[in-house]
Amino acid sequence: MGQVVPFLRRVKVENYKSIASCDVTFTPLLVLLGPNAAGKSNFLDALSFVADALETTPADALMRRGGLDEVSRRGQGDTEGFGILLEFVIQPDEEPLSVTYSFTISRDPAVRRPLLVLGEQCLVRGTRPQSSFKEAGFVMTHGFFNKKGAGGVEPDRLYLPLAATQGVFSEVYRSLRRMLFYHLDVGLMRQVQSRSAGITLDDAGKQLGSVLGALEQRYPAFKARIDDYMGAIVPGAAGIDERLLDPYSTVELFTRHADREMVFGPEAMSEGTLRAAGLLAALFQPAVLEGEATLLGFEEPETSLHPAAAGVLFDALSEASEHVQVVVTTQSADLLDRDDFDPASVRVVTMTDGLTTIGEIDDISRRLVDDRRATIGELMRGNQLRPSTGETE
């Protein structure tokens, strides 16, 4: 079963951290571009919250983020909750289906529990005029549903994990759970780890060796692509492979200078080299190639890389977005300092008076890029990029 790209088509977020309200359309490769502390990470975290809340519970997902007070926007009116809506496409059979899923979480006024799911909705439709799929969905208010045959659910829980035992909702649940978000931890990546099946890279980059080994065995052409990218990013690099220390696994970097070959273990690799390897493994891992991942999210993937490597990194992100939707945050002008990038894939993120605004590139900047009079990177360096008001309230 192939994965539809792009998976997400639209996301609305209200009162989540610094975001009062935003309505963002998606592309196969979406770049959230803006200065440090503008709120880029908050938007990406809202997407990650959905996956976390479905994997565990909303309460557990909030606890990982410091509780409701840390997540719900505090400002004018002292908002007591937040809401997230996602529009996306799934393809459980031959026909793509359109899904709208949303929920609203607030403080429980009775203070019997830390939160209350005020509402949750899911609607699945066929995408073709003569679709053979009949509409399916549910609506929840305060823990009870109006879908025939659906019983109540605890008011601090989401219903979708329970609905996933019924027909098409299984694919809805699975697709949202398979959004993967990466925060690579070089310290963990240096450690020798127990070998695994190697289909999915851990969010911190653990199991890097197992993923590379699985690619070498099952998808050698894509493993070769990773080696090509590593050679372009790290001078002299000839490839990065799994090193087996049964029953453990780690990685080793092969370099070639003149006629001399050298091998380096993870403890001898630079932070930038390990981060590049982790990023590339995430982009081309078996879970992506086999349609098991629906979206990959990365915060500032260019961190610790030489500016000259930014163009190579962007090429890897673009190539991977043919197989899976990719969302990245960046404040690097070097990453987007090119003529061939479609400005429609950029969302400019700014912060004013503590509130985040997210929007498409403003019309003036868009014309400059379309006319090849400036790159997005050049406009960013000149502090000329502004979000259009047409996409964000």
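**Figure 1. The largest pocket of the predicted model and the residues around its centre.** In this predicted model, the largest pocket encloses a volume of about 470 Å³. Its lining is made up of 20 residues, and those closest to the centre of the pocket are S48, D52, R64, F181 and D203. Helix α1, which spans residues 40-55, and strand β9, which spans residues 179-182, each supply at least two residues of this lining. The greatest contribution to the lining of the largest pocket comes from α1, with 6 residues. When the lining of the largest pocket is sorted by residue type, 10 residues are charged, 7 are nonpolar and 3 are polar.

**Figure 2. The second largest cavity and its lining.** The count of cavities of 30 Å³ or more comes to 2, and the view shows the second largest cavity, which holds about 30 Å³ of space. The residues that line the second largest cavity are M189, Q191, Q193, G205, Q207, L208, G209, S249, T250 and V251. Helix α7 (208-218) and strand β12 (248-257) each supply at least two residues of this lining, and β12 gives the most, with 3 residues. The lining of the second largest cavity divides into 7 polar and 3 nonpolar residues, with no charged residue.

**Figure 3. The hairpin formed by β12 and β13.** Strand β12, which also contributes to the lining of the second largest cavity, pairs with strand β13 (residues 260-264) in the antiparallel sense over 5 bridges. Within this pairing, L253 stands opposite F264 in β13. The two strands, β12 and β13, form a hairpin with 2 residues between them, and A258 in the turn has a positive phi of about 55°.

**Figure 4. Strand β4 and its pairing with β1 and β5.** Strand β4, covering residues 81-90, is mostly covered, since 8 of its 10 residues are buried. Strand β1 (residues 8-16) runs antiparallel to β4 and is joined to it by 6 bridges, with V11 standing opposite L86 in β4. Strand β4 also pairs with β5 in the antiparallel sense, over 10 bridges, and the bridge partner of G81 in β5 is S106. A hairpin joins β4 to β5 through 6 residues.

**Figure 5. An aromatic pair between α1 and β5, and the cluster that includes both rings.** The structure holds 13 aromatic pairs, one of which is formed by F49 and F103, whose rings lie 6.2 Å centre to centre with 50° between the planes, an arrangement classed as tilted. This pair links distant parts of the chain, with F49 in helix α1 and F103 in strand β5 (residues 97-106), 54 residues apart. F49 has a relative accessible area of 0% and is therefore buried, and F103, with a relative accessible area of 1%, is buried as well. The aromatic cluster shown here is formed by Y16, F49, F82, Y101 and F103.

**Figure 6. An edge-to-face aromatic pair between α11 and a loop.** The ring centres of F314 and F341 are 4.7 Å apart and the ring planes stand at 85°, so the pair is edge-to-face. Here too distant parts of the chain are linked, because F314 belongs to helix α11 (residues 310-320), whereas F341 lies in the loop between β15 (325-330) and β16 (346-352), 27 residues away. F314 counts as buried because its relative accessibility is 3%, and F341 likewise counts as buried at 9% relative accessibility.

**Figure 7. The loop residue G34 and its approach to L385.** G34 lies in the loop between β3 (29-33) and α1. With a relative accessibility of 5%, this glycine, G34, counts as buried. The C-alpha atoms of G34 and L385 are separated by 8.8 Å, while the two residues are 351 residues apart along the chain.

**Figure 8. Two buried cysteines in a structure without disulfides.** A search of the whole structure finds 0 disulfides. Of the cysteines in view, C22 counts as buried because its relative accessibility is 1%, and C122, with a relative accessible area of 2%, is also buried.

Methods:
Residues numbered from 1 in each chain as written. Predicted model: local features only at pLDDT ≥ 70, side-chain atom pairs only at ≥ 80, totals over all residues. Heavy atoms only, no water. 1 Å grid on protein atoms, 1.4 Å probe; cavity = no way out; pocket = protein on both sides within 12 Å on 5 of 7 lines; lining within 4 Å. Points joined across faces, edges and corners; volume = space filled by probe spheres on them. Helix = DSSP H or I, 4+ residues; strand = E, 2+ residues; numbered from the N terminus. Nonpolar A, V, L, I, M, F, W, Y, C, P; charged D, E, K, R; others polar. Disulfide = S-S within 2.5 Å. Buried < 20%, exposed > 50% of the residue type's maximum accessible area, 1.4 Å probe, protein only. Pairing = 2+ DSSP bridges. Phe/Tyr/Trp six-rings, centres within 6.5 Å; stacked < 30°, edge-to-face > 60°.
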